[in-house]
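Biologist: I should like a close look at a single helix of this model, together with its surroundings. Please treat the matter in one connected account.

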Amino acid sequence: MRRSIATVCLSGDLKGKLEAIAAAGFEGFELFENDLLSFEGTAREVRQMAQDLGLSIVTLQPFRDFEGLPEPQRSRALLRAERKMDVMEQLGADLFFVCSSTSPHSSGSLERIAEDLYELGQRAQQRGFRVGYEALAWSKHIHDYRDAWEVVRRANHPAVGIILDTFHILARNLDLSAIAKIPKEKIFLVQVADAPLLEMGVLPWSRHFRSFPGQGQLPLARFMQVLGETRYDGWLSLEVFNDQFRTTPPKETALDGYRSLVYLQENPLNKLPIQTGGVAFVEFAVSEEMAPTLGRFFQALGFQQTGQHRSKEVGLWQQGQINLILNAEPGSFAQAYNQVHGTSVCAVAVLVDELDQVLQRAQTYKAPIFYSPTGPGEHQIPALRGLDGSLLYLVEAHQNLRDFWAVDFELAENAPPAACGLQRIDHLAQVMPAAQVHSWVLFYRTILGLQTSNLLEIPDPGGLIQSQVAESPDKSLRLVLNASQAGGTLASRFLNEYYGGGVQHIAFSTSDIFATLEQLQQNGLRLLPIPQNYYDDLEARYGLEPALLKRLQALNILYDQSPEGEFFHAYTQTFDDLFFIEIVERRGYDGYGAVNAPIRIAAQTRLIKTSLKSLLNKA
């Protein structure tokens with residue numbers, strides 16, 4: 001199938017849109033009528049511009065409220081159609097795109113609609129055009145693709161066929177089996193869009209929340225499977241209405257769109273070929289002055305420095321299976337990152353079973369591979385550009401990690417055992433601008449094969465935070481993606497303080513959170529204080545034993561439960577106003593304690609206000 005995208009998907013003017021479409025690798029585009037109407041040149045100039053870029057104009061769309069009208073509206077609709085065909089001749093497009101009518105004056109008679117499409121087909125055929133008919137999900141009469149196909153079948157004209165749109169079909173949860181019975185030569189165009197599962201009307205859902213394949217939760221794989229039974233080999237075109245896409249640079253959006261079609265056309269059996277083994281290490285960018293302070297923070301968490309880089313100001317800190325790198329090397333990538341973002345996570349390394357396969361997928365999806373400068377004998381670890389310029393290192397899972405570290409680091413002979421019981425990285429939480437969430441969901445799905453949840457909205461004293469989980473099928477790699485369009489939320493404050501998106505917090509797992517937190521407090525680590533009201537509510541909500549409630553409150557532990565088990569988690573106070581640590585214990589529980597997020601955010605916001613008030617009093 002040939003790949004196309006509708007100009008309505010992108011921001012900017014028509015020239016910029018077409019340049020972005022060509023640069024991304026598309027072969028054609030659907031010209032949205034408003035883009036043509038707002039263009040200062042002629043239709044012939046658009047045609048020439050497309051030819052110069054090597055693009056085909058698939059269709060000029062849409063043509064609305066045509067069929068089933070009484071006179072004199074019917075004659076006026078045919079006159080409108082003739083004028084539109086005049087424009088199509090200048091554009092060099094041959095597909096006349098008709099949406100099923102929403103007009104209150106239209107008739108629902110299938111015979112009458114078929115007659116109108118036959119008449120339009122006659123006029124189109126005389127010009128060498130075809131007529132494609134699409135069922136709009138909110139149309140007055142024809143809102144089911146099966147009814148649209150019945151109308152096309154009754155019209156029985158060689159120049160009249162059907163247009164299938166995944167959103168209009170899947171938003172109504174229609175049975176897909178009838179698609180396989182449509183002859184491929186009668187399918188004139190297939191439009192695709194994904195979307196999150198939302199409880200709202202179909203029209204606003206369509207106009208504001210569509211997304212590219214791989215960014216939502218619609219069953220597109222099943223649609224493509226049934227479409228494949230028809231042996232359709234025509235245009236596969238993206239048509240996405242999304243408010244955030246209209247605020248992002250067109251080249252970035254177009255490239256995401258191209259990647260989404262590659263993802264959609266993959267064999268479903270190869271959709272998740274990547275096996276991850278979790279996080280290999282997390283690297284912190286820190287200045288020379290702040291390095292001792294960050295080191296003391298690691299020590300309070302029970303980490304020990306077990307290695308020093310052979311030639312650089314880089315330290316390795318370990319506990320359990322957790323590896324943290326503290327990078328204060330002058331002139332390095334980490335130092336450049338630190339100058340922009342402050343003390344922060346500049347890189348995350350992921351363990352993958354088949355490194356070559358992941359690198360091949362990165363090339364397929366046009367994700368540039370990055371290699372940091374290395375000295376003689378040092379590891380050269382391939383990386384992908386991560387969130388806001390950070391790095392996502394790719395490390396082969398099947399290797400002895402002590403041997404791996406020994407290449408670059410002088411390792412301590414007898415490293416002390418873990419002092420606080422932290423075992424592994426449970427998950428990472430990333431904050432990003434709201435306009436980037438769709439892009440990163442697609443990145444994690446296509447390159448690493450992560451599965452994503454639907455969006456959650458988390459209350460913050462300053463607004464709402466949208467949260468979405470991306471995780472590997474075996475849960476070894478878990479990411480929580482957070483964004484907010486409200487300027488006063490904790491997520492937005494992080495973006496402002498951090499000068500961009502990045503890792504806001506890291507969750508470490510333990511098998512005994514009570515013993516771990518008691519040791520952390522003895523180490524002088526400050527935990528996030530949780531108010532008494534929270535624990536009063538816990539007692540009422542879950543009927544916990546008084547002794548357990550007392551232990552939870554003493555250690556500022558938050559609690560949740562599910563039918564499968566229990567979840568205990570607590571937070572450190574924020575380090576340098578930039579990131580914080582979460583300590584978790586799972587007892588058969590598979591979620592992230594989202595019910596407690598508003599409590600945590602409110603507590604953090606309270607500390608921020610107290611800190612600011614203290615500073616003002618001192619001033």
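Modeller: The account below concerns helix α5 and its setting. The model is a predicted one, with a mean pLDDT of 92 for the chain and 96% of residues at 70 or more. Over residues 612-619, however, the pLDDT falls below 50, and this stretch has 0 contacts beyond near neighbours in sequence. Where pLDDT is low, the predicted coordinates should not be read in detail.

The setting of the helix is a closed barrel of 8 strands, ordered β1-β2-β3-β4-β5-β6-β7-β8 with parallel pairing. Neighbouring strands of this sheet are turned against each other by 30 degrees on average, direction ignored.

Helix α5 comprises residues 110-126 and lies across β4 (95-99), β5 (130-134) and β6 (160-165). Relative to β5, helix α5 runs at about 150 degrees. Helix α6 (residues 145-155) lies across β5 and β6, and runs at about 170 degrees to β6.

As to the length of α5, its 17 residues should span 24 Å at 1.5 Å a residue, and the end C-alpha atoms are indeed 24 Å apart. The buried residues of α5 are I113, A114, D116, L117, L120, G121 and A124. Viewed down the helix axis, these buried residues fall within an arc of 160 degrees and therefore line one face of α5. Among the elements that cover them are α4 (73-91), β4, β5, α6 and β6. Just after α5, G128 adopts a positive phi of about 80 degrees.

Note on methods
Residues numbered from 1 in each chain as written. Predicted model: local features only at pLDDT ≥ 70, side-chain atom pairs only at ≥ 80, totals over all residues. Heavy atoms only, no water. pLDDT = per-residue confidence, 0-100. Contact = heavy atoms within 4.5 Å. Pairing = 2+ DSSP bridges. Helix = DSSP H or I, 4+ residues; strand = E, 2+ residues; numbered from the N terminus. Axes fitted to C-alpha atoms, helices over the stretch in contact; angles between N-to-C directions. Expected span 1.5 Å × (residues − 1). Buried < 20%, exposed > 50% of the residue type's maximum accessible area, 1.4 Å probe, protein only. Arc of directions from axis to C-beta.
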